[in-house]
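Welcome! Here are some short exercises to work through with the sequence and the 3D view at your side. Try each task before reading its solution.

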Amino acid sequence: MEGYLQLFRNETDFYNHIVLGSVLPENIWGSLPHVCRTWLRNYVGGIFIYSIIGFLWCFYIYYLKRDVYIRGDVIPSMKTMVLHVRDSMKCLPWLATLPTISEYAVENGWTKCFPRISDVGLFAYFLYTIAYIVFVELVTYWIHRKLHDIKPLYKYLHARHHNYNKQHKISPLAGMALHPLDGAAQGAPHTMALFLVPTHFTTHLTFVFLGAIWTANIHDCIDEKLWPLMGGGYHIIHHLSNRHNYGLYTIWMDWMFGTLSHPVSRATKLN
């Protein structure tokens, strides 16, 4: 069993060395306890993903493709985007804590994670991955919905994110502009799934990584349908209405529970 768990530890050590070794001298992080190195890697990695994806995507849709995807009169001001960055930087240290807890639980054998696809076989791997996605989608939907429905949760947690509730107030940099507990609540299904669904560890980390990218994407306000994905066109409706499109990656849960509202494509508007 120790050897089996060591595979998880070896993998997280590898990621720690890749990320931290690329940006910091080893004498800063090398002597830290393993769990602290893991948190620091998640924090540094989160900053890099947020900054690179957010700023590049803003530059592309607001400047290189100005008036192609977003009309010039609804592009957020520089002041608004600075507020997005400020709120996100406050939240990121806390957002890095949840995946650190997940990895600690995996390394100690408390979850149903497995390190190699060969441990279960390809067919079972695909079934488990689908179950993982469905679980995350379902639980994230209901957590997000209850953050709106339960007034104290909305007032004290989720309202911070919905301060940005107009198209010219939202940008890819707003995705992580959250109250820390709000971010933890919506990220928790990824962790919860590990205790209930057999999950390939690397696949789990990949979904967490893609989730950070997806968070920027759904706040770009580009109003095209990307069925069945919950793209920016769907998510801007959520910010404007506060009662539709609570889903994460796809629109399926909103469709199932009657909260789906489709965007009108730009071509349809022009016609």
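A residue counts as buried when its relative accessible area is under 20%. Keep that cut-off at hand, and remember that you are looking at a predicted model.

**Exercise 1. Decide whether Cys 91 is buried or exposed, and find out whether a disulfide holds it.**

Solution.
- Step 1: The relative accessibility of Cys 91 is 0%, so this cysteine is buried.
- Step 2: Searching the whole structure turns up zero disulfides. Cys 91 is therefore in none, and its nearest cysteine sulfur, in Cys 58, lies 18 Å away.
- Step 3: For a disulfide, the two sulfur atoms would have to be within 2.5 Å.

**Exercise 2. Explain why Cys 221 forms no bond with Cys 58.**

Solution.
- Step 1: Recall that a disulfide is a covalent bond linking the sulfur atoms of two cysteines.
- Step 2: The closest cysteine sulfur to that of Cys 221 is in Cys 58, at 10 Å, which is too far for a bond.
- Step 3: With a relative accessible area of 4%, Cys 221 is buried.

**Exercise 3. Describe the surroundings of His 238.**

Solution.
- Step 1: Locate His 238 in helix 10, which covers residues 232-241.
- Step 2: Check its exposure: at 0% relative accessible area, His 238 is buried.
- Step 3: List its contacts, setting aside neighbours within four places in sequence: His 144, His 148, His 158, His 162, His 244, Asn 245 and Tyr 246.
- Step 4: Look at the side chains of His 238 and His 144, which are joined by a polar contact of 3.0 Å.

**Exercise 4. Work out how compact the protein is for its length.**

Solution.
- Step 1: Take stock of the secondary structure, which amounts to 12 helices and two strands.
- Step 2: Compare the radius of gyration, 19 Å, with the 18 Å from the globule rule for 271 residues; the values are close, so the protein is as compact as a globular protein of that length.
- Step 3: Add the burial: 48% of the 271 residues are buried.
- Step 4: Turn to contacts between residues at least 6 apart in sequence, 69% of which join residues at least 24 apart.

**Exercise 5. Find where the prediction has pLDDT under 50.**

Solution.
- Step 1: Begin with the whole protein, where the mean pLDDT is 92 and 97% of residues reach 70 or more.
- Step 2: Go to residues 267-271, where pLDDT stays under 50. For this stretch the model has two contacts beyond four places in sequence.

Terms used
Residues are numbered from 1 along each chain as its sequence is written. This is a predicted model: local features need pLDDT of at least 70, side-chain atom pairs count only at pLDDT 80 or more; totals for chains, interfaces and linings use all residues. Side-chain values use heavy atoms; hydrogens and water are left out. Buried means under 20% relative accessible area, exposed over 50%, partly exposed in between (1.4 Å probe, protein chains only). pLDDT is the predictor's confidence in each residue, from 0 to 100. Contact means heavy atoms within 4.5 Å. Helices (H or I, at least four residues) and strands (E, at least two) are DSSP runs, numbered from the N terminus. A polar contact is a pair of N or O atoms within 3.5 Å; within protein, one must be able to donate a hydrogen and the other to accept it, and residues adjacent in sequence count only if both atoms are side-chain atoms. The radius of gyration is taken over C-alpha atoms; the globule rule is 2.2 Å times the number of residues to the power 0.38.
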